[in-house]
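User: I would like to learn how to read charge and exposure in a structure. Could you take me through one example?

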Amino acid sequence: AITNDDSGSQEIDFQYARENLYNLIERGQDGLEELLEIAKASQHPRAFEVVGQLVDKLTTTNKELLNLHKSKKDIKTEKNYKNFSKKRRLLRKRNE
């Protein structure tokens, strides 16, 4: 069962994960700008390949950020459903 303490801990973990993803995205964008300059200057195929790989990683990290919000919503929905079910069972017992 999720207690209020667990809920607070989950929120802290959510914020921590969210901040980490933001930092990774921001650093990745900075790195992407630098890599693009290097690739343009060198015109080396491997440099452009690395740029493409970083774009892919940044796309994945952005999706992870969105999935983090979905997971939080799903946990909240599940918690609300469990609370609703618990209240409904209690009402049934009272009415019996």
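Analyst: Let us begin with one residue: D30 lies in helix α1, which spans residues 4-42, where helices (H or I, at least four residues) and strands (E, at least two) are DSSP runs numbered from the N terminus. This is a predicted model, in which local features need pLDDT of at least 70, side-chain atom pairs count only at pLDDT 80 or more, and totals for chains, interfaces and linings use all residues. Residues are numbered from 1 along each chain as its sequence is written, and side-chain values use heavy atoms, with hydrogens and water left out.

User: How many helices and strands does the chain have?

Analyst: The chain has two helices and zero strands.

User: Is D30 buried, partly exposed or exposed?

Analyst: Buried means under 20% relative accessible area, exposed over 50%, and partly exposed in between, with a 1.4 Å probe and protein chains only. D30, at 45%, is partly exposed, while buried residues make up 14% of the 96 residues in the chain.

User: Which residues gather with D30 in a patch of negative charge?

Analyst: A patch is made of residues with over 30% relative accessible area and no salt bridge (a side-chain nitrogen of Lys or Arg within 4 Å of a carboxyl oxygen of Asp or Glu), and like charges are joined within 9 Å. On the surface, D30 gathers with E26, E33, E34 and E37.

User: Which residues form the patch of positive charge?

Analyst: R88, R89, R92 and K93 gather in that surface patch; of these, R89 belongs to helix α2, residues 45-95, and is partly exposed at a relative accessible area of 49%.

How values were computed
Patch = residues over 30% accessible without salt bridge, like charges linked within 9 Å, V, L, I, M, F, W, Y side chains within 5 Å. Areas by Shrake-Rupley, 256 points an atom, 1.4 Å probe, with all protein chains shown as cover. Lys, Arg positive; Asp, Glu negative; His and termini not counted. Charge placed at Lys NZ, Arg CZ, Asp CG, Glu CD.
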